[in-house]
Amino acid sequence: MSPTQQEISAEIAAQAAPTSGALHPERRYPPYRSSLLRHPSQPVVALEDPDAVELSGPVFGVTDVTELDADLTRQHHGEPLGERITVTGRVLDRNGRPVRGQLVEIWQANASGRYAHQRDQHPAPLDPNFTGVGRCLTDDEGGYAFTTIKPGAYPWRNHTNAWRPAHIHFSLFGTAFAQRLVTQMYFPGDPLFAYDPILRSVTDDAARQRLVAAYDHELSVPEWSLGYRWDVVLDGPAATWTEEGR
Ligand SMILES: [Fe+2]
């Protein structure tokens, strides 16, 4: 039988203590049920020569990325439904230096909380004008920017009444595909934060806060869109938590 929210919340509380202070969550995190089945059980294999992987692996060219790729509201004939937003920020290294030319990819649910993916069958409407994927390259200041729609919360089957807080998935590549980092960005003030085992798997409160974007009124465009700002720090004590560790 599916566990209740109370049972999951009790597990989250019990898990918090031993790993408190750690930036990265345990790969095996029981309140996030499917992590038990799919977390890596072998140690990470270090690539001695990441560049060599590029010789046989996939490549992308910077010219493949167009300006249109960063605007998720213009990928179809009509406009998607929902709250139009700008999400922007900078990708920085541990010393605050900009990371330039970085491929930043995002994917997200639509305003109703549904992914345009066949595995997502929950009864919320698909939006024919929204696919929910975008990409851009960071500029000379390490900056990235997307125009999109605020995603909705959605149910998942981790436990009874399990709902994910609204979030946008982010992927960043270093200079090679083997250096990929994956994480999620959340929206401020979401009432679901306390209930979500995925967000709560980051047991350090300050690290968790760094996954939440800030509403930026100066970034909001009159009569057009709301602005959110979110920086990604790739390493060091202020690092943004990522899903695969570093
Ligand atoms: Fe998601």
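The exercises below work through a predicted protein model, from the whole chain down to single residues.

Residues are numbered from 1 along each chain, as its sequence is written. In this predicted model, local features need pLDDT of at least 70, side-chain atom pairs count only at pLDDT 80 or more, and totals for chains, interfaces and linings use all residues.

**Exercise 1. The whole chain**

Task: Describe the secondary structure, the compactness and the burial of the protein chain.

Solution:
- Step 1. Start with the elements. The protein chain has 5 helices and 11 strands. Helices (H or I, at least four residues) and strands (E, at least two) are DSSP runs, numbered from the N terminus.
- Step 2. Turn to compactness. The radius of gyration is 18 Å, close to the 18 Å that the globule rule gives for 246 residues, so the protein chain is as compact as a globular protein of that length. The radius is taken over C-alpha atoms, and the rule is 2.2 Å times the number of residues to the power 0.38.
- Step 3. Add the dimensions. The C-alpha trace spans about 50 × 45 × 35 Å along its principal axes.
- Step 4. Check burial. Of the 246 residues, 28% count as buried. A residue is buried if 20 or more other C-beta atoms lie within 10 Å of its own, exposed if 12 or fewer, and partly exposed in between, with C-beta atoms placed from the backbone.
- Step 5. Look at contacts. Among contacts with a separation of 6 or more, 70% come from residues 24 or more positions apart. Two residues are in contact if their C-beta atoms, placed from the backbone, lie within 7 Å.

**Exercise 2. The open sheet**

Task: Find the strand order of the open sheet of 4 strands, then trace its pairings.

Solution:
- Step 1. Write the order. It is β3-β2-β7-β8, with antiparallel pairing. Two strands pair if DSSP finds at least two bridges between them.
- Step 2. Name the edges. They are β3 (133–137) and β8 (181–186), each pairing on one side only.
- Step 3. Give the turn. Neighbouring strands of this sheet are turned by 25° against each other on average, direction ignored. Axes are lines fitted to C-alpha atoms, for helices over the stretch in contact, and angles run from 0 to 180 degrees between N-to-C directions.
- Step 4. Follow β2 to β3. These strands run antiparallel and are joined by 5 bridges. Here W107 stands opposite V133, and V104 has C136 as its bridge partner.
- Step 5. Follow β2 to β7. Residues 103–107 pair with residues 167–172 in the antiparallel sense, over 4 bridges. W107 faces H169 in β7, while E105 stands opposite S171.
- Step 6. Compare the faces of β3. In a regular strand the side chains alternate between the two faces of the sheet. G134 and C136 make up the covered face of β3, and V133, R135 and L137 the uncovered one.

**Exercise 3. The largest nonpolar core**

Task: Which residues of the largest nonpolar core touch the most other members, and which strand supplies the largest share?

Solution:
- Step 1. Define the core. It is a set of buried Ala, Val, Leu, Ile, Met, Phe, Trp, Tyr and Cys residues joined through C-beta atoms within 7 Å.
- Step 2. Pick out the members. The core has 31 residues, and V87, V91, V104, M185 and A213 touch the most other members.
- Step 3. Find the suppliers. β1 (84–92), β2, β4 (143–149), β7 and β8 each give at least two residues. β1 gives the largest share, 4 residues.
- Step 4. Zoom in on V87. Leaving out residues up to four places away in sequence, V87 touches F146, T148, I168, A213, Y228 and W230.

**Exercise 4. Four single residues**

Task: Locate N161, E223, R208 and D139, and decide how exposed each one is.

Solution:
- Step 1. N161 lies in the loop between β5 (154–155) and β6 (163–164). N161 is not a glycine, yet its phi is positive, about 65°. With 11 C-beta neighbours inside 10 Å, N161 is exposed.
- Step 2. E223 sits in the loop between β9 (214–215) and β10 (226–229). E223 also has a positive phi, about 60°, although it is not a glycine. E223 counts as exposed, with 4 C-beta neighbours inside 10 Å.
- Step 3. R208 belongs to helix α5 (residues 205–209). R208 has 18 other C-beta atoms within 10 Å, so R208 is partly exposed. Its contacts, not counting residues up to four places away in sequence, are L199 and V202.
- Step 4. D139 is in the loop between β3 and β4. With 15 C-beta neighbours inside 10 Å, D139 is partly exposed. D139 and H159 are 20 residues apart in sequence, and their C-alpha atoms are 41 Å apart.
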